[in-house]
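Visitor: Could you take me closely through one part of this structure, the pocket and what surrounds it? I would like a connected account rather than a list.

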Amino acid sequence: MLERFRLDGQVALVTGGSRGIGLAIANVLGEAGARLVVSSKTRNESAIYELEAAGYELHHIEADLSEPGAARAVVEKAQALVGRLDILVNNAGVARHGATEVFPEQSYRDVMSINLDAVFGACQAVIPIMKAQKGGVILNIGSISGLVSNIPQQQAAYNASKAAVHMLTRSLASDLAAFNIRVNAIAPGYITTDMTVGGLADPDWAPTWLNMTPMGRPGSAEEVAAAALFLCSPASSYVTGDTLVVDGGYTSR
């Protein structure tokens, strides 16, 4: 059974793969035998050194996924570098907070362009590749914010973007199952990363977040990565259209 978690010979593209959840996912997929292509807005030398030092085959693509067409270009460049793409992990994302009535239009566009538009564009680009290969896996990183309205922070735009990712996941899973392409999502709760460090240090936000989490602690990027390995590997061969929640029980309350 453990062999069903192996990814030997497969190629995985992880967007936003140079820090946080994305880096943890790249690490676990590499450990399972996948050849890696990692994209990020800027080149993170420490992350690249970490992955190469572990002995993984690695290619890095520098790209700003907020730019129109950038996600499609990353997928096309990744295929050109390695010849195929078996796994696409749409991890890159941003968070912005603020009351809706005063939320800047540019902040709204920042959220949507990366959290939703780039995911859609990457999926558009990889589908023909996976169809030609007669199979593949797409994993989208959503959020519990696509399932519930978090408090005490206001973040309607972010919540909407992640809810859209979850529905995109379900729709693509239905459309692509006949082509042996599985599409799933992960909805992380509060995970200790650069994106949440400010909130976890906030004297108003952090107590609410942790009190509403039955396990009473934030999760780690490695705990999300373990779920990602399951959904990217043959171990989940009969799972598609699902959003796996990794939140310490937050959404159970």
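Guide: Helix α1 gives the largest share of the lining of the largest pocket, namely three residues. The model in which this pocket is found is a predicted one. Besides α1 (20–31), the elements that each supply at least two residues of that lining are β2 (35–40), α4 (105–133), α5 (156–176), α6 (197–201) and α7 (205–211). In total, 46 residues line the largest pocket, and those that lie nearest its centre are Arg19, Gly93, Val94, Ala95 and Met195. The volume comes to about 1100 Å³, and the lining divides by class into 23 polar, 16 nonpolar and seven charged residues.

The second largest pocket holds about 230 Å³ of space. Its lining is made up of 13 residues, with Gly135, Gly136, Val137, Asn180 and Arg182 lying nearest the centre, and by class these 13 residues comprise seven polar, three nonpolar and three charged ones.

From the pockets one can turn to the packed interior, since α1 and β2 appear there as well. In soluble globular proteins, nonpolar side chains tend to be buried together. Here the largest nonpolar core has 35 residues, among which Ile25, Leu29, Leu36, Leu51, Val89, Leu139 and Ile186 touch the most other members. At least two residues of this core come from each of β1 (11–15), α1, β2, α2 (45–53), β4 (87–90), β5 (136–141) and α8 (221–232), and α8 provides the largest share, eight residues. Leu139, one of the residues that touch the most other members, illustrates how such a position is surrounded: once neighbours within four places in sequence are left aside, Leu139 is in contact with Leu88, Val89 and Asn90, with Asn184, Ala185 and Ile186, and with Ala228, Leu231 and Cys232. A second core, separate from this one, has 34 residues, including Val11, Leu13, Leu65 and Val75.

Finally, Val245 deserves a look of its own. This residue belongs to strand β7, which spans residues 243–246, and Val245 counts as partly exposed because its relative accessible area is 31%, a value between the 20% and 50% cut-offs. With neighbours within four places in sequence again left aside, Val245 is in contact with Ile144, Leu147, Ala187 and Thr251. Between Val245 and Ile141 there are 10 Å in space, C-alpha to C-alpha, although the two are 104 residues apart in sequence.

Note on methods
Residues are numbered from 1 along each chain as its sequence is written. This is a predicted model: local features need pLDDT of at least 70, side-chain atom pairs count only at pLDDT 80 or more; totals for chains, interfaces and linings use all residues. Side-chain values use heavy atoms; hydrogens and water are left out. Helices (H or I, at least four residues) and strands (E, at least two) are DSSP runs, numbered from the N terminus. Buried means under 20% relative accessible area, exposed over 50%, partly exposed in between (1.4 Å probe, protein chains only). Contact means heavy atoms within 4.5 Å. On a 1 Å grid over the protein atoms alone, a cavity is a set of points where a 1.4 Å probe fits but cannot get out, and a pocket is an open set with protein on both sides within 12 Å along at least five of seven lines; lining residues have an atom within 4 Å of a point. Grid points are joined across faces, edges and corners, and a volume is the space filled by probe spheres set on the points. Ala, Val, Leu, Ile, Met, Phe, Trp, Tyr, Cys and Pro count as nonpolar, Asp, Glu, Lys and Arg as charged, and the others, Gly among them, as polar. A nonpolar core is a set of buried Ala, Val, Leu, Ile, Met, Phe, Trp, Tyr and Cys residues joined through side-chain atoms within 4.5 Å.
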